[in-house]
Amino acid sequence: MTIVNVCRSLPGSSCRPLDRCYRFLPCLSDPARRSALGLKVALVMLHLIYVGMLFLFDGGLIEKTKREPWYTAIYLTLFVATLVQYFVTSASSPGFVLDAMRAVNESNTIFRKALVASKQPASSKNGNVVVTVEGSQMARSLLGSNATSWTKLVMDLYPPGTSVRSLTCSYCNVEQPPRSKHCHDCDKCVLQFDHHCVWLGTCIGLGNHCKFWWYICEETSLCLWTGIMYITYLKENISSAWWKDAIVILLLVTLSISIIFLLLLLLFHSYLVLTNQTTYELVRRRRIPYLRGVPERVYPFSKGACRNLYEFCCLRSSKYRMERLPTAQELEEKSRPYSICDVVTCRCCC
């Protein structure tokens with residue numbers, strides 16, 4: 001039984017302040033959103049503690065700030081940019097399949113109306129409309145009203161002869177494009193699903209993977225810089241009050257563990273970007289139907305390191321960009337061993 005139910009069962013008006021709080025802050029009434037908000041507050045507090053201790057204990061840093069204000073200004077700019085990037089990534093959409101389906105259906109409806117009005121042949125393009133669709137009830141209504149365009153679009157991404165039933169999510173009741181997966185935490189299917197990040201409180205997918213990489217990069221840089229400043233303080237003030245040294249050493253140890261974790265995470269996601277993979281595809285490779293027959297060191301969606309990097313950084317404006325499954329001939333070409341000619345012509349990059 002939750003706190004809200006316990007309070008409601010009590011006589012009198014002892015829970016009126018709590019009800020008012022939930023009325024002004026609806027997110028607190030949901031346990032999942034409440035825990036996500038608690039994690040965000042904890043992360044911000046950790047950042048403030050680590051930076052605040054530096055300026056509180058290190059008198060030399062204050063003097064250096066007076067002599068070289070640009071040094072502290074750059075550090076504080078990185079600190080603010082990291083927190084801003086964290087909240088931007090947390091609030092961004094990973095690219096839900098329901099939203100993509102709604103955008104495709106709306107785009108086709110507008111196209112048909114324009115075609116009827118003009119009575120001239122034209123070419124249709126999938127729109128990039130960002131909408132919010134909640135629950136599988138809305139998904140079923142969309143499927144019942146105008147699902148032909150979406151179904152045809154998804155089926156074109158799979159090899160001929162693929163059954164529609166095998167592509168339909170049993171939770172959302174929508175056809176899943178390749179590389180998408182249902183997230184049980186968000187209760188929605190996500191395009192190019194990577195993982196569900198607990199610290200961010202959202203999924204990482206096609207729409208926000210680039211933002212997530214930049215956040216890890218900024219967080220790693222901030223932690224490295226902060227660690228260097230802590231080590232500098234200990235070298236210059238090792239003979240000061242012992243309790244200050246104990247606090248700084250304790251913070252430095254926990255910071256070092258975080259730096260190791262962040263560096264490994266940054267390298268791991270950089271590898272995923274350069275090979276056009278996701279965490280889910282790498283970890284569950286043998287359980288994903290379209291990856292079972294692919295050799296271990298063959299990356300079926302890779303277009304070369306340079307092209308992968310370009311699409312990851314520069315083509316992320318469309319949250320609903322979907323990739324088709326490679327043909328058997330393309331997989332055979334990718335699995336071909338590298339020759340000297342391939343190395344000279346940079347086959348791995350193009």
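Glu236 is found in helix H9, which spans residues 209-236, helices here being DSSP runs of H or I with at least four residues and strands being runs of E with at least two, both numbered from the N terminus. At 57% relative accessibility Glu236 counts as exposed, where exposed means over 50% relative accessible area, buried means under 20%, and partly exposed lies in between, with a 1.4 Å probe and protein chains only. The C-alpha atoms of Glu236 and Asp58 are separated by 9.4 Å, although the two residues stand 178 residues apart along the chain.

The model is predicted, so that local features need pLDDT of at least 70 and side-chain atom pairs count only at pLDDT 80 or more, while totals for chains, interfaces and linings use all residues. Residues are numbered from 1 along each chain as its sequence is written, and side-chain values use heavy atoms, with hydrogens and water left out.

**Annotated spans and the helices**

The unreviewed UniProt entry places the feature "transmembrane region" at residues 37-57, 69-88, 212-234 and 246-268; such positions are given in the numbering used here, feature names are shortened, and annotations may be inferred rather than shown by experiment. Over residues 37-57 the chain is 100% helix and 0% strand, and the end C-alpha atoms lie 30 Å apart. Residues 246-268 are likewise 100% helix and 0% strand, with 33 Å between the end C-alpha atoms.

Leu37 lies in helix H3, residues 31-57, and counts as partly exposed because its relative accessibility is 34%. Together with Val41, Met45, Leu48 and Ile49, Leu37 makes a nonpolar surface patch of about 400 Å². Patches are made of residues with over 30% relative accessible area and no salt bridge, like charges being joined within 9 Å and nonpolar side chains (Val, Leu, Ile, Met, Phe, Trp, Tyr) within 5 Å, and the accessible areas come from the Shrake-Rupley method with a 1.4 Å probe, only the protein chains shown counting as cover for residues.

Val88 is found in helix H5, residues 69-91, and is partly exposed at 37% relative accessibility. Val88 and Asn208 are 120 residues apart in sequence, yet their C-alpha atoms are 9.4 Å apart in space.

**Salt bridges around Arg179**

A salt bridge is taken as a side-chain nitrogen of Lys or Arg within 4 Å of a carboxyl oxygen of Asp or Glu, and by this rule the count comes to eight. Arg179, Glu281, Lys303, Arg307, Glu311 and Glu323 are linked in a network of salt bridges. Three of the pairs are tabulated here.

| Pair | Closest N to O distance |
|---|---|
| Arg179 and Glu281 | 2.7 Å |
| Arg179 and Glu323 | 2.7 Å |
| Glu311 and Lys303 | 3.5 Å |

The side chains of Arg179 and Glu281 meet in a salt bridge. Arg179 lies in the loop between helix H8 (148-155) and strand S1 (181-183) and Glu281 in helix H11 (residues 279-283), so the pair ties together parts that are 102 residues apart in sequence. Arg179 is buried, with a relative accessible area of 2%, and Glu281 counts as buried at 4% relative accessibility.

The side chain of Arg179 also meets that of Glu323 in a salt bridge. Because Glu323 lies in the loop between helix H12 (305-314) and helix H13 (328-335), while Arg179 lies in the loop between H8 and S1, this pair ties together parts that are 144 residues apart in sequence. Glu323 counts as buried at 11% relative accessibility. In the remaining tabulated pair, Glu311 is buried at 9% relative accessibility, whereas Lys303 is partly exposed at 31%.

**Backbone and cavity**

Most residues other than glycine have a negative phi. The phi of Arg179, however, is near 75°, a positive value, and that of Gln192 is near 50°, also positive. Gln192 lies in the loop between strand S2 (188-190) and strand S3 (195-197), and is buried with a relative accessible area of 8%.

The structure holds three cavities of 30 Å³ or more, a cavity being a set of points, on a 1 Å grid over the protein atoms alone, where a 1.4 Å probe fits but cannot get out, with lining residues having an atom within 4 Å of a point. The second largest has a volume of about 50 Å³, this being the space filled by probe spheres set on the points, which are joined across faces, edges and corners. Among the residues that line the second largest cavity are Arg179, Gln192 and Glu323, together with Pro178, Leu191 and Leu206.

Definitions and conventions. On a 1 Å grid over the protein atoms alone, a cavity is a set of points where a 1.4 Å probe fits but cannot get out, and a pocket is an open set with protein on both sides within 12 Å along at least five of seven lines; lining residues have an atom within 4 Å of a point.
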